[in-house]
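Hi,

Here's the structure I promised to pass on. Have a look, and I'll tell you below what turned up.

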Amino acid sequence: TLKYRVEQVFLVLAASGLLREHVSTHSHDGQAADQVSAMLTAIRDFVKDSFRVGGADHLDAFRVGDLSVTVEQGPYAVLAAVVRGAAPPDIRDSFRQALESIHLMLGSELKAYEGDGAPFERARPTLQALLVTRLRDEGRPVPYWRWATVAALLLAGVGAWGYTIYRERQRWQTYLDR
């Protein structure tokens, strides 16, 4: 029944790759957050070095099984979200808007980071708002016109079948009468 769920969101400094804030749907995911952040930075650097991408190009996403990591790059910070399932393409817009909001709120702290992580606590509500779960709509009723179409097709099929039986009996009776 799960359509998609945003399970973790990371806020990483673009210049250094340091994790500044992390939110998760599971309480035990915080232990590996620094490792995930470091690996994300390593993958991002690997892609830039190995594939000779331009300065404006960056890693957008990667996928492993039913997990995908969506990456939004800002001037001073990177937002990475771990999504389970098939998220719609417009979810990137909410990630982009959240990153822009964080840049507006913490632009000077992101630009001139000197080791103090306390200001980044203000970004936590914005990141937590991205932790969403969407379920499939299996319980919604089928529209009336679909039922009417199915009924009409069934009625037409039964009518055609009945007409062919009637016609066949008429032919048989004509044969017997001769």
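First, a quick one to try on the viewer: which residue in β2 is the bridge partner of Val-12? It's Leu-19. Keep in mind that this is a predicted model.

That pair belongs to the hairpin of β1 and β2. Strand β1 covers residues 2–13 and runs antiparallel to β2, with five bridges joining the two. Five residues sit between the strands, and Gly-17 takes a positive phi there, near 80 degrees. As for β2 itself (residues 19–24), five of its six residues are buried, so the rest of the structure largely encloses this strand.

Now the helix. α1 has 19 residues and reaches 27 Å from first C-alpha to last, close to the 27 Å expected at 1.5 Å a residue. Its buried residues include Ala-33, Ser-37, Leu-40, Thr-41, Arg-44 and Val-47. Looking down the axis of α1, the buried residues fall within an arc of 125 degrees, so they line one face of the helix. The general reason is that an α-helix has 3.6 residues a turn, so residues three or four places apart point the same way. On the other side of α1 you'll find Asp-34, Gln-35, Met-39 and Asp-49 exposed.

One last thing, on the surface: Phe-46, Phe-51 and Val-53 form a nonpolar patch, with about 300 Å² of accessible area together. Val-53 is in the loop between α1 (33–51) and β3 (61–64). Is Val-53 exposed or only partly exposed? Its relative accessibility is 31%, so Val-53 counts as partly exposed.

Cheers

Definitions and conventions: Residues numbered from 1 in each chain as written. Predicted model: local features only at pLDDT ≥ 70, side-chain atom pairs only at ≥ 80, totals over all residues. Heavy atoms only, no water. Patch = residues over 30% accessible without salt bridge, like charges linked within 9 Å, V, L, I, M, F, W, Y side chains within 5 Å. Areas by Shrake-Rupley, 256 points an atom, 1.4 Å probe, with all protein chains shown as cover. Salt bridge = Lys/Arg side-chain N within 4 Å of Asp/Glu carboxyl O. Helix = DSSP H or I, 4+ residues; strand = E, 2+ residues; numbered from the N terminus. Buried < 20%, exposed > 50% of the residue type's maximum accessible area, 1.4 Å probe, protein only. Pairing = 2+ DSSP bridges. Expected span 1.5 Å × (residues − 1). Arc of directions from axis to C-beta.
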